Amino acid sequence: MIAFPYGLPHLVAAAPLLPPALETREIVAVALAALAALLLAIALLRLRAPAPRPLAAPPPGALAQLAGGLAKTRDRLGLAIKRALGREPSQATLDEIEAALIEADVGVAATQAILEDVRRAFAEGRARTAGALLDELKKDLRVKLDSGEAGLREAPAPPTVVLVVGVNGAGKTTSIAKLAAWLRARNKRVLLCAADTFRAAAVEQLSIWAARIGAGIVKGASGADPAAVAFDATEAALARGADVLIVDTAGRLHTHQNLMAELSKIKRAIQKRIPGAPHEVLLVLDATTGQNAIAQAREFLRATDVTGIFLAKLDGTAKGGIIVAIREQLGLPVKFVGIGERPEDIQPFDAEKFVEALFA
Ligand code: GDP
């Protein structure tokens, strides 16, 4: 039986209007010709579609987004290790793995600790094959990365208050938008507070994001006291029944003392209405700045308590191993990673998923 194309019923319906000479056989012939032309067009379009990237193409399924965001690191670290393991395992294989980890900014101390474990497993015969060595390496990376703390700490009663700190340019505004979008996708009522009153552009940017994401925003006049804006936002969060209040803070103050004083003042203002807040202080770090990000983090740690890291721009670096160094050297949990510029380019950090994505 012939399967008629989608348009045929219309043709048939229109038949009384056609010239009387047009027979049913001719209508069928026209329809078949149209179908053939359609199939030809589809075939041509397929031929013109770009071929998938052979090496760094992300795997399908839940890991795809993370693996896609980690493409640069996978291209460098993941493939270097897979290549090293592509031959009969030997001491040279272990040296190559070590070099690949160092090259990806995992850091000397963490690399040595991981390799010590892998070498022992190799020497003792527990990991002799490429597969077993890779499993051993993945296990060690997972242990190094897993902080046991995932997602946001929640307040005993809403609103949960999240203070976001970090230097300008690290990706703070975008990361706040992502966090808000992530929470909105989980049906949380989100209020943003633009307490970085000296950056008019950042306030404007945050307002645009808030409208797009469906979050409320409280902002002060340009140059207003950030602590006063934070206080107003806390009141508003309570009054409006927000689930989460995210407070943006100034990313550049002239001295360490200024930064410390301002962050303390903001915290005190919030605590006037919600004792025990902020429940989370997230430091946004730019993954593309490598070891500098760690030096920057140390500065912030001297100025205020930080409860977790939001590692932005992980998609922009081939040295994503920095995440191991951050965890190892700062002892703080990485709570979220940013893997693109869109609000949905965020993932709560999960050590297991991360390691899988790295070698996917
Ligand atoms: P802020 O000055 O710290 O508030 O930084 P912004 O949020 O304005 O971000 C600075 C730049 O980094 C912007 O161009 C953002 O689009 C970009 N950016 C932020 N996060 C990411 C990320 O995860 N991946 C990429 N590729 N770009 C990002």
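Okay, so what we've got here is a protein with 14 helices and eight strands. Keep in mind that this is a predicted model. Of the 360 residues in the protein, 41% come out as buried. And if you take the contacts with a separation of 6 or more, 73% of them are between residues 24 or more positions apart.

Right, on to the ligand. Which residues are closest to it? There are 19 residues around the ligand, and the closest are Gly171, Lys172, Thr173, Thr174 and Gly338. If you sort that shell by chemistry, you get ten polar residues, five charged and four nonpolar. And where does the largest share of the shell come from? That would be helix α8, residues 172-184, which puts in three residues.

So let's stay with α8 for a minute, and look at its packing with helix α9, residues 200-213. The two axes are 10 Å apart, and the angle is about 15°. Anything under 35 degrees counts as roughly parallel, so α8 and α9 are roughly parallel to each other. As for the handedness, α8 makes a right-handed crossing with α9.

Now, who's touching whom? On the α8 side you have Thr173, Ile176, Ala177, Ala180, Ala181 and Arg184. Over on α9, they meet Ala202, Gln205, Leu206, Trp209 and Ile213. That contact has eight nonpolar residues, two polar and one charged.

One thing to look for on the screen is Thr173: this residue is among the closest to the ligand, and Thr173 also belongs to the α8 side of the contact with α9.

Okay, that's my bit, over to you.

Key
Residues are numbered from 1 along each chain as its sequence is written. This is a predicted model: local features need pLDDT of at least 70, side-chain atom pairs count only at pLDDT 80 or more; totals for chains, interfaces and linings use all residues. A residue is near a molecule or strand if its C-beta atom, placed from the backbone, lies within 6 Å of it. Helices (H or I, at least four residues) and strands (E, at least two) are DSSP runs, numbered from the N terminus. Ala, Val, Leu, Ile, Met, Phe, Trp, Tyr, Cys and Pro count as nonpolar, Asp, Glu, Lys and Arg as charged, and the others, Gly among them, as polar. A residue is buried if 20 or more other C-beta atoms lie within 10 Å of its own, exposed if 12 or fewer, and partly exposed in between; C-beta atoms are placed from the backbone. Two residues are in contact if their C-beta atoms, placed from the backbone, lie within 7 Å. Axes are lines fitted to C-alpha atoms, for helices over the stretch in contact, and angles run from 0 to 180 degrees between N-to-C directions. Angles under 35 degrees count as roughly parallel, over 145 as roughly antiparallel, 65 to 115 as roughly perpendicular and the rest as oblique. A crossing is left-handed if the near helix is turned anticlockwise from the far one by less than a right angle, and right-handed if clockwise.
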